[in-house]
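Subject: Handover of a structure and notes on its features

Dear colleague,

I am passing on to you the structure shown below, together with a written account of what was found in it. Please keep the structure open while you read.

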Amino acid sequence: MKIIIIEDESEIADGISTILENAGYQAEIAYDGMTGLEEIQSGIYDLVLLDVMLPKMNGLEVLKSIRKDGITVPVIMLTALSQTGDKISGLDCGADDYITKPFDAGELLARIRARLRRPDETVSSSLAFADVRLEQATFRLYGKEKSVKLSRKEYQLLECLMINNGQILPRDMLITKIWGYDEETEYNQLDVYISFVRKKLKFVESQAVIVTTKGIGYSLEVGK
């Protein structure tokens, strides 16, 4: 798998390159947005790690350009910007995920693996958090003694929360991930599905709880 790192800070770019190469990936670096765009357009990369603040052409402009051209390569935004609005802007422009600097190497590699999975690739059949397990093949949620079937959107919502457990996921991000860019989905529709998933976590008697951070979003935590 070949990954392009588009990052203007050489120390950060070199560090990411080392992490990727140690994990078995091929890594190339572009230090400005214009060069990065040309590299992506070559079509030789399996994934893009794209910084937001870049010389010549910023990361959002690069992202808009490739999506306009129909280039579907997975893009993970790398940003030092912690404001929710900046993350949402990246997702709205077509990013598949984002990660805020500084980040843990293990988290970065996990997010890359998630984006590089192919539909026919053999992957772990379940996700686990706290005392529950989510079966990917059957959409079933298992507690210690009980299990329950989830709808597709319930599954997608809980899967996203489990993969990013402990992190507050913005409401707009969850809507985009589950309903897509083209559907007009109201916040109350997300709230309804959050309520459904909460009830199913309660049904299987899990300690895992979905925490609401008012005005921002939701996170999956271990209840006290």
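The notes that follow begin with the whole chain and then turn to particular elements and residues.

**The chain as a whole**

Please bear in mind that this is a predicted model. The protein chain has 224 residues, of which 44% are buried. Its secondary structure consists of eight helices and 12 strands. About 11700 Å² of the protein chain is exposed, and carbon and sulfur atoms supply 48% of that area. Among contacts in the chain with a separation of 6 or more, 56% are between residues 24 or more positions apart.

**Two helices that pack together**

Helix α1 covers residues 10-22 and helix α5 covers residues 105-116; the two pack at an angle of about 65 degrees. Their axes are 11 Å apart, and the crossing of α1 and α5 is right-handed. On the α1 side, the residues in contact are I16, I19 and L20. On the α5 side, they are A105, L108, L109 and I112. Sorted by class, this contact comprises seven nonpolar residues, with no polar and no charged ones.

**A sheet of four strands**

An open sheet is built from four strands in the order β6-β7-β8-β9, and the pairing is antiparallel. At the edges are β6 (126-129) and β9 (147-149), each of which pairs on one side only. On average, neighbouring strands of this sheet are turned by 20 degrees against each other, direction ignored. Helix α6 (residues 152-163) packs on the sheet and touches β6, β7, β8 (140-142) and β9. The direction of α6 makes about 125 degrees with that of β7.

As general background, strands of a sheet pair through backbone hydrogen bonds, in either a parallel or an antiparallel manner. In this sheet, β6 and strand β7 (residues 132-135) run antiparallel and are joined by four bridges. Within that pair, S126 stands opposite E135 in β7.

**Strands β10, β11 and β12**

Further along the chain, strand β11 (residues 208-213) pairs with strand β12 (residues 217-222) in the antiparallel sense, over six bridges. Two positions show how these strands line up: T212 has Y218 in β12 as its bridge partner, and V211 stands opposite S219 in β12. The hairpin of β11 and β12 has three residues between the strands, and G215 in this hairpin takes a positive phi near 80 degrees.

Strand β12 also pairs with strand β10 (residues 169-170); these two run antiparallel and are joined by two bridges. Here L169 stands opposite Y218 in β12. Y218 is thus placed opposite L169 of one strand and is also the bridge partner of T212.

**Two residues with a positive phi**

Most residues other than glycine have a negative phi. Which values of phi do A130 and E205 take? A130, which is not a glycine, has a positive phi of about 55 degrees. E205 is likewise a residue other than glycine, with a positive phi near 60 degrees.

Both residues are in loops: A130 in the one between β6 and β7, and E205 in the one between α8 (187-203) and β11. A130 counts as partly exposed because its relative accessibility is 48%. E205, in contrast, counts as exposed because its relative accessibility is 54%, and the cut-off for exposed is over 50%.

**One residue in strand β2**

Finally, E28 belongs to strand β2 (residues 26-30). Is E28 exposed, partly exposed or buried? With a relative accessibility of 36%, E28 counts as partly exposed, since that class lies between under 20% for buried and over 50% for exposed. Leaving aside residues up to four places away in sequence, E28 touches K2, I3, I4, I5 and Y45. The C-alpha atoms of E28 and I6 are separated by 8.6 Å, while the two residues are 22 positions apart along the chain.

Yours sincerely,

A colleague

Notes:
Residues are numbered from 1 along each chain as its sequence is written. This is a predicted model: local features need pLDDT of at least 70, side-chain atom pairs count only at pLDDT 80 or more; totals for chains, interfaces and linings use all residues. Side-chain values use heavy atoms; hydrogens and water are left out. Axes are lines fitted to C-alpha atoms, for helices over the stretch in contact, and angles run from 0 to 180 degrees between N-to-C directions. A crossing is left-handed if the near helix is turned anticlockwise from the far one by less than a right angle, and right-handed if clockwise. Contact means heavy atoms within 4.5 Å. Ala, Val, Leu, Ile, Met, Phe, Trp, Tyr, Cys and Pro count as nonpolar, Asp, Glu, Lys and Arg as charged, and the others, Gly among them, as polar. Two strands pair if DSSP finds at least two bridges between them. Buried means under 20% relative accessible area, exposed over 50%, partly exposed in between (1.4 Å probe, protein chains only). Accessible areas come from the Shrake-Rupley method with a 1.4 Å probe; for residues, only the protein chains shown count as cover.
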